[in-house]
Amino acid sequence: MPLVRIDAIGTGKLEALGNAVHDALVETLGIPADDRFQVLNGQSTLKYDDYLGIHRDEGVVFIGITMRPGRTDEQKKSLYRRITELAEEYSGTEPRNVLITITETDAVNWSIGNGEAQYA
């Protein structure tokens, strides 16, 4: 059950970006198609620089994915590639403008509803 947060300048691309991330999670990690939990935020300002020589502009998108541990490094790399491919296809977002982070947290740290720790 990944929890996805997407921050972008404006709101015009958010739905398409949400779809891109969800489809990439389903394709690369085998997340169930009905397992979508996303927070989509249209911001007026995001701060960024040209870190690692990657020039970013006002099309920058920050994607944070919180999920349980268990995926390999190769699965994560595949996910990063697929998200950027689909973000470009679905919303026109250039891959250089996509920053992705993954935070992993143990199963007991999740309550999916009803005040229960379903995975603990």
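**Exercises on a four-stranded sheet and its helices**

Lysine 76 is buried, with a relative accessible area of 14%. This value, like those below, comes from a predicted model.

**Exercise 1.** Determine where lysine 76 is placed and which residues it touches, leaving out residues up to four places away in sequence.

*Solution.*
Step 1. Lysine 76 belongs to helix H2, which covers residues 73-91.
Step 2. Its contacts, not counting residues up to four places away in sequence, are Arg71, Ile102 and Glu104.
Step 3. Buried means under 20% relative accessible area. The 14% of lysine 76 is therefore in the buried class.

**Exercise 2.** State to which faces the side chains of strand S3 point, and which of them are buried.

*Solution.*
Step 1. In a regular strand the side chains alternate between the two faces of the sheet.
Step 2. Strand S3 consists of residues 61-67, and its side chains follow such an alternation.
Step 3. Val61, Ile63, Ile65 and Met67 point to one face and are buried. Phe62, Gly64 and Thr66 point to the other face and are not buried.

**Exercise 3.** Describe how S3 pairs with S1 and with S4.

*Solution.*
Step 1. Strands of a sheet pair through backbone hydrogen bonds, either parallel or antiparallel.
Step 2. With strand S1 (residues 3-9), S3 pairs in the antiparallel sense over six bridges. Here valine 4 has isoleucine 65 of S3 as its bridge partner.
Step 3. With strand S4 (residues 98-104), S3 pairs in the parallel sense over seven bridges. Isoleucine 63 stands opposite isoleucine 100 in S4, and methionine 67 has glutamate 104 of S4 as its bridge partner.
Step 4. S3, helix H2 and S4 together form a right-handed β-α-β unit.

**Exercise 4.** Give the strand order of the sheet, and explain why S2 and S4 each have one side without a neighbour in the sheet.

*Solution.*
Step 1. The four strands form an open sheet in the order S2-S1-S3-S4, with mixed pairing.
Step 2. Strand S2 (38-43) and S4 stand at the edges and each have a single partner strand, so one side of each lacks a neighbour in the sheet.
Step 3. From one strand to the next, the twist averages 15°.
Step 4. Helix H1 (residues 14-29) packs on the sheet and touches S1, S2 and S3; its direction makes about 145° with that of S1.
Step 5. Helix H2 also packs on the sheet, touching S3 and S4, and its direction makes about 145° with that of S4.

**Exercise 5.** Is aspartate 7 buried or exposed, and which residues does aspartate 7 touch, not counting residues up to four places away in sequence?

*Solution.*
Step 1. Aspartate 7 is located in strand S1.
Step 2. Its relative accessible area is 10%, so aspartate 7 is buried.
Step 3. Beyond four places in sequence, aspartate 7 touches Asn41, Gln43, Leu46, Val60, Val61 and Phe62.
Step 4. Aspartate 7 and leucine 46 are 39 residues apart in sequence, and 8.2 Å apart in space from C-alpha to C-alpha.

Notes. Residues are numbered from 1 along each chain as its sequence is written. This is a predicted model: local features need pLDDT of at least 70, side-chain atom pairs count only at pLDDT 80 or more; totals for chains, interfaces and linings use all residues. Side-chain values use heavy atoms; hydrogens and water are left out. Buried means under 20% relative accessible area, exposed over 50%, partly exposed in between (1.4 Å probe, protein chains only). Helices (H or I, at least four residues) and strands (E, at least two) are DSSP runs, numbered from the N terminus. Two strands pair if DSSP finds at least two bridges between them. A crossover is right-handed if, with the strands pointing away from the viewer, the path from the first strand over the helix to the second runs clockwise. Axes are lines fitted to C-alpha atoms, for helices over the stretch in contact, and angles run from 0 to 180 degrees between N-to-C directions. Contact means heavy atoms within 4.5 Å.
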